[in-house]
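Good morning, colleagues. Please bring up the sequence and the model on your screens, and I shall take you through the chain as a whole before turning to individual elements.

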Amino acid sequence: MKISNPIAIRGEDLATKFLKEKHYKIIERNFRKGYGEIDIVAVKDKTLVFVEVKTRTGSLYGSPLEQISYFKLKSLVKTAQFYKLLNPKLPDALRIDAISVILDYSNNPVNIEHIENITS
């Protein structure tokens, strides 16, 4: 059982709002399969987009995006492929994006950064 992290939940909520404002259609949040998790699944311009959200309070330990390891990326790819198998009617074009959310100590957003197609 995964323990909910209020900072991560706040970051995912902000990332979802950010994507909706950029006209992404949110399909699902927090899809879990034994070996992986996808924070946000969305569709934009006939592309199925899987989004990894990293949230931090401050940048003392570097950019939140630096926390996406090679192994995490492999897990994201595998989980995205599985998701597509379960949902064959969704677009065939796939992409994995990352969103970095930096919060202040009151959990207000300081910066949101969206990087498209982090696997290429």
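Of the 120 residues in the protein chain, 38% are buried. I should state at once that this is a predicted model. The accessible surface of the chain amounts to about 7,300 Å², and carbon and sulfur atoms account for 54% of that area.

Let me turn to the architecture. The protein chain contains 2 helices and 5 strands, and their order along the sequence is α-β-β-β-α-β-β. The radius of gyration of the protein chain is 14 Å, close to the 14 Å given by the globule rule for 120 residues, so the chain is as compact as a globular protein of that length. The C-alpha trace spans about 40 × 30 × 30 Å along its principal axes.

As to contacts, consider those in the protein chain between residues at least 6 apart in sequence: 54% of them join residues at least 24 apart. On charge, the chain carries 19 positive and 14 negative side chains, with the centres of the two sets 6 Å apart.

I now come to strand β4, which comprises residues 93–103. How many of its 11 residues are buried? The number is 9, so described because buried means under 20% relative accessible area. Strand β4 has pairing partners that we may take in turn, beginning with strand β3, residues 47–57. These two strands run parallel and are joined by 11 bridges. Within this pairing, V53 is placed opposite I99 of β4.

Next is strand β5, residues 109–115. Strands β4 and β5 pair in the antiparallel sense, over 6 bridges. One of the bridge pairs matches L103 with P109 in β5. The two strands form a hairpin with 5 residues between them, and in the turn N107 has a positive phi of about 65°. For those following the side chains on screen, a general point: in a regular strand, side chains alternate between the two faces of the sheet.

Finally, I would draw attention to one acidic residue. E12 belongs to helix α1, residues 6–21. Is E12 buried or exposed? Its relative accessibility is 8%, and therefore E12 counts as buried. What does E12 touch, leaving aside its neighbours within four places in sequence? E12 is in contact with R29, N30, D39, I40, V53 and T55. Among these is V53, the residue that stands opposite I99 in β4.

Thank you for your attention.

Key: Residues are numbered from 1 along each chain as its sequence is written. This is a predicted model: local features need pLDDT of at least 70, side-chain atom pairs count only at pLDDT 80 or more; totals for chains, interfaces and linings use all residues. Side-chain values use heavy atoms; hydrogens and water are left out. Buried means under 20% relative accessible area, exposed over 50%, partly exposed in between (1.4 Å probe, protein chains only). Helices (H or I, at least four residues) and strands (E, at least two) are DSSP runs, numbered from the N terminus. Two strands pair if DSSP finds at least two bridges between them. The radius of gyration is taken over C-alpha atoms; the globule rule is 2.2 Å times the number of residues to the power 0.38. Contact means heavy atoms within 4.5 Å. Accessible areas come from the Shrake-Rupley method with a 1.4 Å probe; for residues, only the protein chains shown count as cover. Lys and Arg count as positive and Asp and Glu as negative; His and the chain ends are not counted. The place of a charge is taken as NZ of Lys, CZ of Arg, CG of Asp or CD of Glu.
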